Amino acid sequence: MIKSGAEIFIECLLMEKVDTIFGIPGGVLLPIFDKIYDSPLRFILTRHEQGAAHMADGYARSTGKVGVCIATSGPGATNLVTGLATAHMDSIPVVAFTGQVATNLIGNDAFQEADTTGITRPVTKHNYLVKDVRELEQTIREAFYIAATGRPGPVLIDIPVDVARAKCEFKKLDKVEIRSYKPTYNGHPGQIKKAAQLINESNQPVLYIGGGVIASDASKEVIELSEKANIPVTTTLLAMGAYPPGSKLNLEMLGMHGTYHANKAMQNADLIVAVGSRFDDRCTGRLDAFAKKAKIIHIDIDPTSISKNVVVNVPVVGDAKNILKELIKHVKENTHKDWLKTIEEWKKSKPLTYKNDDKLRPQYVVEAISELTKGEAIVVTEVGQNQMWAAQFYKVKNPRHFLSSGGLGTMGYGFPAAIGAKIANPDKTVIDIAGDGSIQMNIQELATAVLNKINVKIVILNNYYLGMVRQWQEMFYGKRYSAVCLNENASSGDKHSKSKQKKCMDYVPDFVKVAEAYGAVGIRVTNKKDVKTSLKKAFEIDKPVVMEFVVEPEENVFPMVPAGAALDEILTHLA
Amino acid sequence: MRHTISVLVENKFGVLARIATLFAARGFNIDSLAVGETETPDISRMTIVVRGDDRILEQVEKQLNKLLDIIKVIDFKETRHLERDLALIKVKSAKNNRSELIQIADIFRAKIIDVSADSVIIEITGNEEKIQALMNMLRPFGIKEMCRTGIIAMGRGVK
Ligand SMILES: Cc1ncc(C[n+]2csc(CCOP(=O)(O)OP(=O)(O)O)c2C)c(N)n1
Ligand SMILES: [Mg+2]
């Protein structure tokens with residue numbers, strides 16, 4: 001059948017079972033938007049392309065399906081970059097489409113031209129510029145295949161306007177094969193046996209699981225393995241939800257703001273079994289002091305992750321779920337009684353805690369949300385202290401229910417990602433735990449949420465600061481607060497005067513009014529005793545709600561492993 | 001350590017940029033790079049010579065393997081192989097030393113491919129040491145210009 005490029009675009013998306021696209025149109029996209037107009041696809045018009053990319057990401061993270069976004073040439077494409085980089089760092093399957101100027105103009109500095117494939121090359125798993133309509137169908141199908149398989153990631157397709165208009169035969173390809181792309185799914189049986197042997201011989205093992213466990217849907221297998229041999233489990237930020245919060249084997253998060261006992265366990269382990277985690281510097285602390293006594297088994301689908309930061313004794317390349325299934329068969333039961341007892345003592349000596357007084361503290365707000373939603377909501381975070389408190393105090397029960405920009409640490413991720421997640425999971429409560437700084441980076445998407453009736457809840461932990469940066473300035477720069485107060489002119493006046501600090505306490509912006517201006521509901525809470533009732537009320541409102549909790553401004557996140565320190569050089573309170 | 005890496009790639013635009021980005025992002029300077037078609041026209045071979053920390057290079061090779069459009073990566077470090085580079089060298093020459101230059105060229109099995117009033121162009125094929133050795137001999141005459149194709153390499157034997 002002869003079809004135009006724009007029609008092929010729609011056909012391919014339907015073949016890939018896409019139901020929703022996020023984006024903003026523009027000149028070179030007119031042929032494609034004319035076809036979107038009467039297609040069955042749901043189009044969500046965002047207010048910024050960054051929002052569209054994060055929405056596609058949130059949709060993908062919360063479902064495992066490929067998220068799709070689209071932006072016009074030039075500024076539309078460059079606006080996508082942060083969203084693509086965010087998805088890339090966290091291995092999230094997204095397909096992004098960009099319009100491009102006509103092929104005969106490419107390279108001429110045409111109006112709204114940007115070298116989109118050049119700009120996005122380092123922040124995508126792969127990208128394409130389609131110069132001939134006859135390649136479009138194959139390219140789109142390849143893009144979805146690449147995004148979703150192996151180690152997932154974002155793929156971008158740049159489509160010049162004349163290619164969208166041109167016509168050719170639509171083949172309805174039923175399969176894609178790429179000779180240069182053959183991910184390994186099954187672990188090497190010999191390596192699996194070696195891994196099992198190390199596990200069977202170990203006395204102080206730790207399972208260190210990362211985003212790969214979520215991507216490969218291997219949560220069940222991790223639980224089975226850990227319970228069979230009584231191996232304690234620590235999760236990275238990206239693996240939150242992969243292991244049940246109540247379990248005695250759950251050490252919770254490790255790393256810079258991980259629990260004391262998780263970090264102690266890592267440092268004292270004789271065996272670390274890494275599954276779909278990549279020994280990121282936020283998890284390992286100072287490398288030359290990392291887990292000195294431990295042998296390391298590394299299960300990962302991406303060979304480039306293995307022995308990148310730490311030398312691995314037994315690498316097993318392949319899909320985590322497949323490998324774990326095999327591994328479990330060879331692993332013997334064990335109680336690891338002494339080891340678990342030692343860990344329990346560490347846990348008791350320095351539990352995850354905060355000052356539970358009359359003041360409205362951010363941790364209390366997160367705990368209240370955790371309690372009220374029974375850990376069953378989808379929690380999305382922004383970046384900074386809010387993110388760490390969410391990770392520490394929201395006891396998330398299920399995989400794909402905790403979405404956070406881990407690798408890139410993108411402020412402004414949370415709210416649009418929450419919208420994407422809510423669209424994909426309309427029956428679930430979706431909450432963005434936000435900072436007052438981060439939320440302002442994509443607050444324009446309130447319009448998108450209100451107009452499309454996407455009932456997400458934003459919880460702003462308003463500390464009037466770029467809190468995480470302030471915390472570092474307090475701890476490591478002698479409390480010289482440089483450009484972190486969100487309500488002062490950073491370059492004016494005496495930075496130390498009292499009046500200055502007072503000025504920090506005004507409402508800029510007034511989040512309640514902002515919410516109302518967009519047609520959402522705004523609620524401000526300033527007292528601890530009102531937290532739970534206000535949350536309950538907000539959860540019952542069938543509209544997007546912005547909740548502002550005016551929290552202790554100088555609350556810090558603890559525990560903390562300072563940058564450059566070893567994991568066990570962990571601070572649990574201010575010196 | 002010096003590595004000679006042979007990369008089989010899809011013969012498509014943009015592939016070179018992907019590969020160059022990988023090396024550049026880690027601060028590697030590429031000593032030489034040669035690209036050409038293989039026996040299969042839609043596959044090209046790039047031969048890259050690069051020096052650097054072995055562990056980081058191993059990482060780069062894995063990253064290369066991971067790139068779409070790259071079919072195969074071979075680091076020749078462990079395998080028996082041949083390397084060839086072709087250089088054109090323009091040397092200052094007057095009537096009185098031309099025969100000496102011809103002699104030197106002969107010893108190296110190089111060819112004089114152009115002669116003008118004040119210079120000659122010598123063509124030489126060989127591995128890196130051989131070309132270096134010839135250069136050393138020619139330097140006293142005055143080298144006006146040199147260009148090289150970059151090393152290409154092939155494993156010996158069956159495959
Ligand atoms: C886009 C972006 N810019 C800057 C940073 C650096 N940064 C990390 S945390 C942070 C402060 C975040 O402030 P807020 O959202 O209020 O969160 P809080 O730490 O106060 O909870 C900043 C500026 C970042 N991560 N992302
Ligand atoms: Mg803040």
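How many residues of domain 1 of chain A are in contact with how many residues of domain 3 of chain A? The count is 25 residues of domain 1 against 27 residues of domain 3. The legends below describe a predicted model.

**Figure 1. Domain 1 of chain A meets domain 3 of chain A.** The assignment splits chain A into domain 1 (2–169), domain 2 (189–349) and domain 3 (362–550). This view takes in domain 1 and domain 3. Their C-alpha centres lie 30 Å apart. On the domain 1 side, 25 residues make contact. On the domain 3 side, 27 residues do. Together the two domains bury about 2,000 Å². Carbon and sulfur atoms give 62% of that area.

**Figure 2. Leu225(A) is a buried residue in helix H10 of chain A.** Helix H10 covers residues 219–229. Is Leu225(A) buried or exposed? Leu225(A) counts as buried because its relative accessibility is 0%. Leave aside residues up to four places away in sequence, and Leu225(A) touches Leu207(A), Ile231(A), Leu324(A), Leu327(A), Ile328(A) and Val331(A). For a sense of distance, take Thr139(A), which is 86 residues from Leu225(A) along the chain. The C-alpha atoms of Leu225(A) and Thr139(A) are separated by 40 Å.

**Figure 3. His261(A) sits in helix H11 of chain A.** This helix runs over residues 260–268. His261(A) has a relative accessibility of 3%, so His261(A) counts as buried. Which residues does His261(A) touch, not counting residues up to four places away in sequence? They are Leu251(A), Ile343(A), Trp346(A) and Lys347(A).

**Figure 4. Two peptide bonds of chain A that lead into proline are cis: Val508(A) to Pro509(A) and Phe558(A) to Pro559(A).** Most peptide bonds are trans. Omega is near -5 degrees for the bond from Val508(A) to Pro509(A). For the bond from Phe558(A) to Pro559(A), omega is near 0 degrees. Where does Pro509(A) lie? Pro509(A) is in the loop between helix H20 (498–503) and helix H21 (511–518). Pro559(A) belongs to the segment after strand S20 (545–550) of chain A.

**Figure 5. Lys479(A) has a positive phi.** Most residues other than glycine have a negative phi. Lys479(A) is not a glycine, yet its phi is about 60 degrees. The loop that holds Lys479(A) lies between helix H19 (467–476) and H20 of chain A. H20 also borders the loop of Pro509(A), on the way to helix H21. How exposed is Lys479(A)? The relative accessibility of Lys479(A) is 45%, so this residue counts as partly exposed.

**Figure 6. Arg109(B) is an exposed loop residue of chain B.** What is phi of Arg109(B)? Phi of Arg109(B) is near 50 degrees, a positive value in a residue other than glycine. The loop with Arg109(B) joins helix H3 (98–107) to strand S6 (111–115) of chain B. Arg109(B) counts as exposed because its relative accessible area is 75%, and the cut-off for exposed is over 50%.

**Figure 7. Chain B is divided into two parts, domain 1 (2–79) and domain 2 (82–155).** The centres of the two domains, taken over C-alpha atoms, are separated by 28 Å. Nine residues of domain 1 of chain B are in contact with nine residues of domain 2 of chain B. Between them, the domains bury about 650 Å². Of this area, 51% is on carbon and sulfur atoms.

**Figure 8. Chain B has four helices and nine strands.** In what pattern do they follow one another along the sequence? The pattern is β-α-β-β-α-β-β-α-β-β-α-β-β. The C-alpha trace of chain B spans about 55 × 30 × 30 Å along its principal axes. Of the 159 residues in chain B, 42% are buried. Take the contacts in chain B with a separation of 6 or more: 73% of them are between residues 24 or more positions apart. Chain B has an accessible surface of about 9,000 Å². Carbon and sulfur atoms hold 54% of this surface. Chain B carries 25 positive and 22 negative charges. The mean positions of these two sets of charges are 1 Å apart.

Key
Residues numbered from 1 in each chain as written. Chains lettered and ligands numbered in written order. Predicted model: local features only at pLDDT ≥ 70, side-chain atom pairs only at ≥ 80, totals over all residues. Heavy atoms only, no water. Helix = DSSP H or I, 4+ residues; strand = E, 2+ residues; numbered from the N terminus. Buried < 20%, exposed > 50% of the residue type's maximum accessible area, 1.4 Å probe, protein only. Contact = heavy atoms within 4.5 Å. Areas by Shrake-Rupley, 256 points an atom, 1.4 Å probe, with all protein chains shown as cover. Lys, Arg positive; Asp, Glu negative; His and termini not counted. Charge placed at Lys NZ, Arg CZ, Asp CG, Glu CD. Domains from an automatic or database assignment. Buried area = accessible area lost by both parts, 1.4 Å probe.
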